[in-house]
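Q: Please take a close look at one part of this protein and explain how that part fits into the rest. Keep it brisk.

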Amino acid sequence: MTLLHIAGYYWLDWHLHPEVVLPLVLLEVAYLYSVTAARGMISDAGRVRRSQVITFSLGVLTLYIAAGTPVHDISEQYLLSVHMVQHLLFTLVAAPLLLAGTPAWLWQALLRGPGVMPVARLLTNPLVAFSVFNAVLVLTHLQPVVDLALREHEFHLLIHVVLVVSALMMWWPILSTVPELPRLSYPLQMAYLFLQSLLPAVLASFITFSEGVVYEFYGEAPRIWGLSPIDDQQMAGGIMKLAGSLILWSFIAVAFFRWYQREEQESRPPHWQEVEAELDHLGLSPKQ
């Protein structure tokens, strides 16, 4: 028995979670190998910016924080509010970081396999990606699914994988750098993200304003931090609505200002510095 157990602070006990650490280490190693040693084996590989490597690694780190630290243990055993933080980290933080950190040429190399491109076109279609992600969002918040996931660790791990994959699909129309699977125009990005912000707000309102405990497991869980099941539930709904909306509306704001900037630039002849910047963004800079 550890000192944490003696003191009664079970929620601070740190478990290694090898089922999480090993896949994430393999993911990071595979990425670093692909953008270094394997890069020379790809004929049309462009440059890899340091910012891309940092961004991808931050995405992997976010996955670890959500699934391999006490954040996971607290969410799985004690608090719905931390469970909500965990899912936000998976879907609205880690997923866009992983996409933004992967160079276009690496995606293109992965998409060259036989039969891969047609499937990729289907999965990254904005309507399909939007529908799949929101269907997963609804299903993973149904009472029977949540209670089963919290009682069966393997099923909970599967839920996390499905959440991340569906989130990568959802973010693709916003962050894609692959010409064959292009991102939406800026006006459509804003509309897409606005619609995406609606369903979580509805789910959050249901959780926040429910008169009783929505999830039986959290109603029966040991209490920590002085939070009652209802207080915890209301906090979870607030996190889902406010934090999720803040992230999505931040991307809407970025899309708006980039759209405005592009309209301004198209009204005057381009400067050579702007051409160089665009080539650099695509990994085609003559300086590489």
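A: What follows starts with the whole chain, then turns to helix α12 and its surroundings, and then to other sites.

This is a predicted model: local features need pLDDT of at least 70, side-chain atom pairs count only at pLDDT 80 or more, and totals for chains, interfaces and linings use all residues. Residues are numbered from 1 along each chain as its sequence is written, and side-chain values use heavy atoms, without hydrogens or water.

Start with the whole. The protein has 14 helices and zero strands. Both are DSSP runs, numbered from the N terminus: helices are H or I with at least four residues, strands are E with at least two. Of the 288 residues, 43% are buried. Buried means under 20% relative accessible area, exposed means over 50%, and partly exposed lies in between (1.4 Å probe, protein chains only). Contacts mean heavy atoms within 4.5 Å. Among contacts between residues at least 6 apart in sequence, 75% join residues at least 24 apart. The protein exposes about 15200 Å², and carbon and sulfur atoms supply 71% of that area. Accessible areas come from the Shrake-Rupley method with a 1.4 Å probe; for residues, only the protein chains shown count as cover.

Now the close look. Helix α12 covers residues 216-220. Y218 is buried, at 3% relative accessible area. Leaving out residues up to four places away in sequence, Y218 touches S75, Y78, L79, L80, H83, V146, L150, R223 and P229.

Y218 also belongs to the largest nonpolar core, which has 41 residues. A nonpolar core is a set of buried Ala, Val, Leu, Ile, Met, Phe, Trp, Tyr and Cys residues joined through side-chain atoms within 4.5 Å. The residues with the most contacts inside this core are L80, M84, W171, Y192, L193, Y215 and Y218. Two or more residues each come from α5 (80-100), α7 (116-123), α8 (126-139), α9, α10 (153-175), α11 (186-209), α12 and α13 (229-266). A second, separate core has 19 residues, including Y31, V35, A67 and F90. In soluble globular proteins, nonpolar side chains tend to be buried together.

Next, the charged end of the story. A search of the whole structure finds one salt bridge. The term means a side-chain nitrogen of Lys or Arg within 4 Å of a carboxyl oxygen of Asp or Glu. The side chains of R151 and E220 form this bridge, at 3.7 Å from N to O. It links distant parts of the chain: R151 is in helix α9 (residues 143-151), E220 is in helix α12, and they are 69 residues apart. R151 is partly exposed at 45%, and E220 is exposed at 53%. Side chains of opposite charge can pair when their charged atoms come close.

Then the rings. Phe, Tyr and Trp rings (for Trp, the six-membered ring) pair if their centres lie within 6.5 Å; planes under 30 degrees apart count as stacked, over 60 as edge-to-face, and the rest as tilted. The count comes to seven aromatic pairs. One of them joins F194 and W249: centres 6.0 Å apart and planes at 80°, so the pair is edge-to-face. F194 sits in helix α11 and W249 in helix α13, 55 residues apart. F194 is partly exposed at 37%, and W249 is partly exposed at 43%. Another pair, F217 with Y218, is edge-to-face at 5.6 Å centre to centre, with 85° between the planes. F217 is buried at 15%.

Move on past the helix. W225 lies in the loop between α12 and α13. Its phi is positive, about 60°, although W225 is not a glycine. W225 is partly exposed, at 47% relative accessible area.

Another loop is worth a look. L111 is found between α6 (104-110) and α7. L111 is buried at 11%. Leaving out residues up to four places away in sequence, L111 touches V116, M117, A120, V178 and L181. L111 and E180 are 69 residues apart in sequence and 9.7 Å apart in space, C-alpha to C-alpha.

Last, the surface. I54, L58, L61 and I65 form a nonpolar patch, with about 320 Å² of accessible area together. Patches are made of residues with over 30% relative accessible area and no salt bridge; like charges are joined within 9 Å, and nonpolar side chains (Val, Leu, Ile, Met, Phe, Trp, Tyr) within 5 Å. L61 lies in helix α3 (residues 50-68) and is partly exposed at 42%.
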